[in-house]
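User: Please take a close look at one residue in this protein and its surroundings, and then place that part within the sheet it belongs to and within the rest of the chain.

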Amino acid sequence: MKTLVLCANYDKIAQVETILKSIYIHNEGIKTYIINSDISHEWFVNINHFLENITSEVVDKKIDLNRFNDLPELKDTTRSKIEYGKFLIHELVDEDKVLYLGNNTIIDQNLDDLFAIDVEDKPLYAIIDFVHPDKFNMGVMLINNIYWRNNNIGNQFLELSKNYGLVYEQAMINDGFGTNIGKLPEIYNYQIGFGDPNFELTNSYLYYEDTVERPAIIQYASDSRLIRESSPKNLSKKWWNYHSSEWSEVINHLTSNRLENKFDKEAIIFLNYAENHGAQELIRRFPNIHFNIVSGRALYTGLDILTQNGNATLYPQILNYQLKSIIEKTDLCFDIGYGDKDVHFETVLKLLDIPTFAFRDTQYHEQSNNCYVADSMDEMIKQVNKLPANSSKKSFDDIFDISVKSIDETLDEIIENKKSVVRIGDGELDLIYGEDIIYQHFNPELAKILKDSILNNHNPRVLTCLPDIFTNLDRYNEMRGYYAVGVLPRFSDFFKEIEKTKYSYGSTFMSRMYMSFKDKSKSQHYFHKLRKIWQNKDILIVEGEYTRSGVGNDLFENVRSIQRIICPAEDAYDEVHEIEEAIRNNAQNKLILLMLGPTAKVIVNDLQDLDNQILDIGHIDTEYEWFKMNAKYVVSIGKNKHMAESVDKNLNEEDNPQYQKEIVMKINKK
C-alpha cells in the first residue's frame, strides 16, 4: 500500500481534513499516518468508516511532545512542536517508502507515478525551492525510510534542531544531505502565494507560476494565502472546493465545484486607494454581474465587506499577468475610485473598447467614445442596463496591425540573405519616449536615431526587429502581462505610427528565445540555427565591460577566431564615434556581433558602408546560460557577468587568459 505521512495536532484539523479529501478524491489504496498528540481517536474511526470503501485508511500515530522539551520554542505561532515528528517517521512508520506532506498542501491528481519512483540509495527526493533555487523545498518529501532507519537520520536531525530549530529546518535538511537529495518532477510541489509582501519578492516570482501547467501537489506559502490568493489559476478556489467536499463525494471520486458561480457579465474596478463612490451599492444592485476589484497596492482590509454578496472578488497587489487574465474576460469597467489613476489601465480600456461607467467626481481625465458618465447611482444603473446582453469583444491580438516575423523566419532571413540586424526592445522605446534606462541616459539625438531606424529604415541590408507582442501573447510566461498592460498601452501612440509603415519587421526575440516563453522546447532548435550564423567564421565582438559573451560557455565554440572590443558598461553612446572607429580598424573579413544596448542600433546603421554583416544580439549570453542551466525562471548566472535583469554588483575583473587574449581594444568612458 502507498504510504503518506502528515504531522499535525487538532488545531490544524481543518487543513488535515482538506488534505485528506484532496488525496482520496484522486487516489485509492493509500495509508495515511497522522503523527499527532491530541487528535481524538474517534475522529480517525469516523474517517476510516468512509475510506474502507476505497481500500485506504488513516492511522492514528500518537507521540508524546515531552520528547521535544529540549528543542526550541517556535517564534512562528502558526507552527507547533508536533512538526518535529517528521524526523521520527523512520521510527513510527514501518513502510520503506513514505511521502511526507506539509499541512499547507493539497493533492490535485493521482499520485501513482510519484509512488512508482525508485528512491534507490538517496535519503529523500524533493523539489527545488523557488525562492532559494540553491536549496530543496521540504514541504513535500519522498522519503527513503530504509535509509533513515539504517542511519538513524531522524535522531541526528533532532539533535541538530537544538541549534537550527524548525524555523531553519529546510536549511538543516539541505545542509545535512547536501547533493545527495534526489530531484522530483516539478508537478509534485507547486509553491504558490509568495506574492505576500512579507516575502522578499524576487525576479523569480514573476516567472514561477507558469512553470507548471497542471500541478499534482500544490503548496500554499502561508495559511492566509489559502483564503486570499489571487492567482489566475484559481488555486485558492481549489483549496476551498476540497475543503467543502463531503466524504461521500470523496469516496466516489467526485471533485466538487461549488464556487464556480455563473454570472451574466464580468466587471472590473481598479482602485489605487480603498476610497470609492458606491462600490458596495453597485455590487448589491447587480447580483448578476461579477465584480473583479483590482489594485497594484494593498487594499484597505475594510473592503472585505464588498465580498459579502458573493459576486465580488478582491485582487490586492495584483501582478500584470493576473490583471491581463481579468481584463480579457471583462465586459465592462466601473471607474468609481478616487485618487490617482493608472494611466496604462485607462489606455488598455480604450484600446480594447471596454465600456466604462463613471461618476463625474471619479471619471478619468480623458474619456473614450465608449465611456458613460452619470450624476447619480440610478442614472448609472440605467446606463448599464442598456448594454446588449451579448457584445463582441476585442482581444489584445486585435489592437495593432503590425507584422513581426517569427523567430525562425527572422533567423532564416539573417542566414540566407546575410542581413544585418537592429533589435528594438522596451529599453529603446523608453529612450524614444524621453526616459532614462538603467545603462543609458536619455539623449535626444539617440532617441531620434532610434525612432528613425524603426520608421524610416529602408536599407535592404538591414533587418529591423520589434518585440513579437502584437499577437498570441499567451506564448509567453508572466511577461505576457507586462507586454499587455505595460508595453502595449505605454507606447500605443508610437505603435500606431509603426502600423503605417506596413513593414514586415524581424523578431527582437531572435536573441531572447528562451526565458520569456512558456514552451521552451523550441529553444534548442533556435540556438542551433543562431550558432550557424558564425560557424567557422572570424568574429569581432563589441560588448560592454561586464558582458563577457561566451566566456565560461560554448556559445562561440564553433567560430574560427574571436576578437573583442570592450566598451563602457554605461552610456556607451557617449563614446559611439570612438567605438565605430575601432570597429572599422578591426573589421576586415569579420562577422561583427554587438552586445551594447541602444548604442548597438546606431552602430549597425552607421557602418553599412562596410561589407561586414553586423548583428545586434544583446542579451544572447544570458539567454544561453539559462538555456544550458534548464532554468525555468530568472536566476543569477554567476560567472562574473552582467545581467540585464539585475543591477550589476561586485563584478570583478575577468582573469580568464583566453578572454584577455581576445581583447584588441578597450574604450573607457570619458
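Analyst: In this predicted model, D60 is in contact with I34, N36, I39, H41 and F44, once its neighbours within four places in sequence are left aside. Two of these contacts can be described at the level of side-chain atoms: a polar contact of 3.0 Å joins the side chain of D60 to that of N36, and another polar contact, also of 3.0 Å, joins the side chains of D60 and H41. D60 itself lies in strand β3, which covers residues 57-62.

Strand β3 belongs to an open sheet of 7 strands with mixed pairing, in the order β3-β2-β1-β4-β7-β6-β8. In that order β3 and β8 (182-183) are the edge strands, each of them pairing on one side only. Further into the sheet, strand β4 (residues 97-101) pairs with β7 in the antiparallel sense over 5 bridges, and the bridge partner of L101 in β7 is V140. Helix α2 (residues 41-51) packs on this sheet and touches β2 and β3, its direction making about 165 degrees with that of β3. Helix α1 (residues 13-26) lies across β1 (2-7), β2 (30-36), β3 and β4, and runs at about 170 degrees to β2.

Another helix is associated with strands of this sheet. In α7 (residues 169-177), the residues E169, M172, I173, N174 and F177 are buried, and the buried residues of α7 pack against β6 (124-128) and β7 (136-144), as well as against the helices α5 (145-150) and α6 (153-164). The residue that follows α7 is G178, which has a positive phi, near 55 degrees.

A second sheet can be set beside this one. It is an open sheet of 6 strands in the order β13-β12-β11-β14-β15-β16, and its pairing is parallel. Its edges are formed by β13 (312-315) and β16 (371-374), and because each has a single partner strand, one side of each is left without a neighbour in the sheet. From one strand to the next, the twist averages 20 degrees. At the β13 edge, β12 (residues 289-294) and β13 run parallel and are joined by 4 bridges, with A312 in β13 as the bridge partner of F291. Helix α13 (residues 320-328) lies across β11 (265-270), β12 and β13, running at about 140 degrees to β11.

These parts sit in a protein that has 25 helices and 25 strands. Its C-alpha trace spans about 85 × 75 × 40 Å along the principal axes, and its radius of gyration of 29 Å agrees with the value near 26 Å that a compact globule of 670 residues would have. Of the 670 residues, 56% count as buried, and among contacts with a separation of 6 or more, residues 24 or more positions apart account for 71%.

As for the cysteines, the structure holds 0 disulfides. C7 counts as buried because its relative accessibility is 1%, while C465, with a relative accessible area of 0%, is buried as well.

To return to the starting point, D60 is placed in β3, a strand at the edge of the mixed sheet, and its side chain makes polar contacts with those of N36 and H41.

Conventions. Residues numbered from 1 in each chain as written. Predicted model: local features only at pLDDT ≥ 70, side-chain atom pairs only at ≥ 80, totals over all residues. Heavy atoms only, no water. Helix = DSSP H or I, 4+ residues; strand = E, 2+ residues; numbered from the N terminus. Polar contact = N/O pair within 3.5 Å; in protein donor to acceptor, adjacent residues only side chain to side chain. Contact = heavy atoms within 4.5 Å. Buried < 20%, exposed > 50% of the residue type's maximum accessible area, 1.4 Å probe, protein only. Disulfide = S-S within 2.5 Å. Pairing = 2+ DSSP bridges. Axes fitted to C-alpha atoms, helices over the stretch in contact; angles between N-to-C directions. Rg over C-alpha atoms; globule rule 2.2 N^0.38 Å.
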